[in-house]
Amino acid sequence: MIKIKKIDHVAIAVRNTDESLAKFQSVLGLSVGEREVVASQKTEATLLPIGETSIELIEPKGNEGLARYLDKKGPGIHHIAIEVEGIENALAALKAAGVRLVDQEPRLGARGHKVAFLHPEATGGILIELVEPSH
Ligand code: ZN
């Protein structure tokens, strides 16, 4: 069984963080939480907290997959991240159930959290990220 806690963030692919940020700030009045270049993912991630969850703007900083995604589909919702308890166990359970994964093992994501992506095929086209906070 996977222990799901909440939606951690909804990630939006953007070409220019500053421009997108200005829109989210003026339209919704959101303020910036953390903003960091995530070396392991070659992206810049900017979190806009909303209650217990966040919108995350992600801009490619050498991430070719994300750059291709933007060229093909344009800016928009890129993935949904779900917080789980025990990400290793969650991955093992999904693997045992035959679910297609992008990451077989967790890797280090933004804020030092452990993250792993499911293949979009597993959910009919939506990229899902599992997150376990570092605390
Ligand atoms: Zn994410």
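In the predicted model, the largest nonpolar core comprises eleven residues, namely I82, V84, I87, A90, L91, L94, L101, A116, L118, I128 and L130. At least two residues of this core come from each of β5, α3, β7 and β8. The greatest contribution is that of α3, which provides four residues. Apart from this core lies another, of nine residues, with A13, V38, A45 and Y69 among them.

The contribution of helix α3 (residues 87–96) is reflected in the burial of I87, A90, L91 and L94. These residues are placed on the same side of α3 because the arc they cover around the axis is only 95°. Such an arrangement follows the general geometry of helices: an α-helix has 3.6 residues a turn, so residues three or four places apart point the same way. N89 and A96, by contrast, are exposed on the other side of α3. The elements covering the buried residues of α3 include β5, β7 (114–118) and β8. Just after the helix, G98 adopts a positive phi of about 80°.

Within α3, L94 was examined individually. L94 has a relative accessibility of 11% and therefore counts as buried, the cut-off being under 20%. When residues up to four places away in sequence are not counted, L94 touches I2, V99, L101, L118 and L130. L94 and I82 are separated by twelve residues in sequence and by 14 Å in space, C-alpha to C-alpha. I82 itself stands opposite L130 in β8. For V84, with neighbours within four places in sequence left aside, the contacts are I2, K3, I4, K5, A90, L130, V131 and E132.

The strands form an open sheet of eight members with mixed pairing, in the order β2-β3-β4-β1-β5-β8-β7-β6. The edges are occupied by β2 (35–38) and β6 (107–108); each has a single partner strand, so one side of each is left without a neighbour in the sheet. Strand β1 (residues 3–13) is paired with β5 in the antiparallel sense over nine bridges, and V10 has I80 of β5 as its bridge partner. β5 and strand β8 (residues 127–132) run parallel and are joined by five bridges. In addition to the I82 and L130 pair, E83 stands opposite V131 in β8. In general, the side chains of a regular strand alternate between the two faces of the sheet.

A zinc ion is bound by the protein donors H9 (NE2), E56 (OE), H79 (NE2) and E129 (OE), which lie 2.1 to 2.8 Å from the ion. Along the chain, these donors follow the spacing H-x46-E-x22-H-x49-E. E56 belongs to strand β4 (residues 53–60) and H79 to strand β5 (residues 76–85), so this pair ties together parts that are 23 residues apart in sequence. E56 and H79 are both buried. The arrangement of the four donor atoms is irregular because the angles they subtend around the zinc ion span 77 to 169°; a tetrahedral assignment would require all angles to lie between 85 and 135 degrees.

Terms used
Residues are numbered from 1 along each chain as its sequence is written. This is a predicted model: local features need pLDDT of at least 70, side-chain atom pairs count only at pLDDT 80 or more; totals for chains, interfaces and linings use all residues. Side-chain values use heavy atoms; hydrogens and water are left out. Donors are N, O and S atoms within 2.8 Å of the metal (3.2 Å for Na, K and Ca); water is not among the atoms, so sites may look incomplete. Four donors count as tetrahedral if all angles lie between 85 and 135 degrees; four count as square planar and six as octahedral if opposite donors are over 155 degrees apart and all others between 65 and 115; anything else is irregular. Buried means under 20% relative accessible area, exposed over 50%, partly exposed in between (1.4 Å probe, protein chains only). Two strands pair if DSSP finds at least two bridges between them. The arc is that of the directions from the helix axis to the C-beta atoms. Contact means heavy atoms within 4.5 Å. A nonpolar core is a set of buried Ala, Val, Leu, Ile, Met, Phe, Trp, Tyr and Cys residues joined through side-chain atoms within 4.5 Å.
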